[in-house]
Amino acid sequence: MRIDVVSIFPSYFDGLALSLLGKARETGLIDLRIHDLRDWTDDRHRTVDDTPYGGGAGMVMKPEPWARALDELTTDSENPTLIFPSPAGEVFRQRTARDLAHREHIVIGCGRYEGIDERVFEYASTLGEVRLVSLGDYVLNGGEVAAMAMIEAVGRLIPGVVGNPESLVEESHEDGLLEYPSYTKPSNWRDREVPGILLSGNHGAIATWRHEQQLERTQRRRPDLLAD
Ligand code: ADE
């Protein structure tokens, strides 16, 4: 999978070199390319923003550097998906990550300030499928942190990125429920016992207990998931 990221703070993404995703880049499973939006400006100050029409606080990102960046990055691309992190987008969920993990080429455009000139989204839709995606109902300073979260959630679903694929199956949200609790040695730690069933060796009973725990936790912490 190829992922292009456009940002005015490309060094945000240095952290992705660490961890699992760094390895996936080295082995070629993920071709991640980070770009500076200012490389597509043409003035001495490398300007990417301007005041909003109609007045109001803050600055808006100018359309032309974005159009040039998107044009260049989608040349030779059959069917790119263009993602713009935005608090006004659809909420990013595990199913969004599963869907995106099947795409061949994703371009992520990270906005800053009060956002990107709205015409950019219309223009982008002539180049590929456009998705505005929110990390959740809160406001960040820009799309970078949201992009990093999405890259990690999508990247780990690409076959070969996570060493043991079984660990993907039993995670929170994979079956619409929160994950069951996990324990390791020692079985008695600071007077706290591991639930006896886990020491029983009865795999059927353990599976049933874990499923009950998933339901109970989801009901208690995230009843909205059960309503779904
Ligand atoms: N940019 C600013 N806030 C955001 C959010 N909640 N999700 C995605 N991108 C954002």
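Mentor: This is a predicted model, and in it a backbone N or O atom of Tyr-138 lies 2.7 Å from a nitrogen atom of the ligand.

Trainee: How much of the ligand's accessible area does the protein cover?

Mentor: Of the 260 Å² the ligand has on its own, 96% is covered by the protein.

Trainee: Back to contacts. How far is a ligand nitrogen from a polar backbone atom of Leu-135? And of Ser-86?

Mentor: For Leu-135 the distance is 2.9 Å. For Ser-86 it is 3.2 Å.

Trainee: Which residues surround the ligand?

Mentor: Pro-85, Ser-86, Pro-87, Val-133, Ser-134, Leu-135, Gly-136, Tyr-138, Val-139, Leu-140, Gly-142 and Ala-146. Eight of the shell residues are nonpolar, four are polar and none is charged.

Trainee: Which strand gives the most to that shell?

Mentor: β5, with three residues. Both β5 (81–91) and β7 (129–134) supply at least two.

Trainee: And what is the space the ligand takes?

Mentor: The largest pocket.

Trainee: Different topic: cavities. How many are there of 30 Å³ or more?

Mentor: One. The largest cavity holds about 40 Å³ of space.

Trainee: What lines the largest cavity?

Mentor: Ile-3, Ile-83, Leu-100, Ile-106, Ile-108, Met-150, Ile-151 and Val-154. That lining divides into eight nonpolar residues, with no polar and no charged ones.

Trainee: Which element has the largest share of the lining there?

Mentor: α5, with three residues. β6 (105–109) and α5 (144–155) each supply at least two residues of that lining.

Notes:
Residues numbered from 1 in each chain as written. Predicted model: local features only at pLDDT ≥ 70, side-chain atom pairs only at ≥ 80, totals over all residues. Heavy atoms only, no water. Near = heavy atom within 4 Å. Polar contact = N/O pair within 3.5 Å; in protein donor to acceptor, adjacent residues only side chain to side chain. Areas by Shrake-Rupley, 256 points an atom, 1.4 Å probe, with all protein chains shown as cover. 1 Å grid on protein atoms, 1.4 Å probe; cavity = no way out; pocket = protein on both sides within 12 Å on 5 of 7 lines; lining within 4 Å. Sits in = over half its atoms within 2 Å of the grid points. Helix = DSSP H or I, 4+ residues; strand = E, 2+ residues; numbered from the N terminus. Nonpolar A, V, L, I, M, F, W, Y, C, P; charged D, E, K, R; others polar. Points joined across faces, edges and corners; volume = space filled by probe spheres on them.
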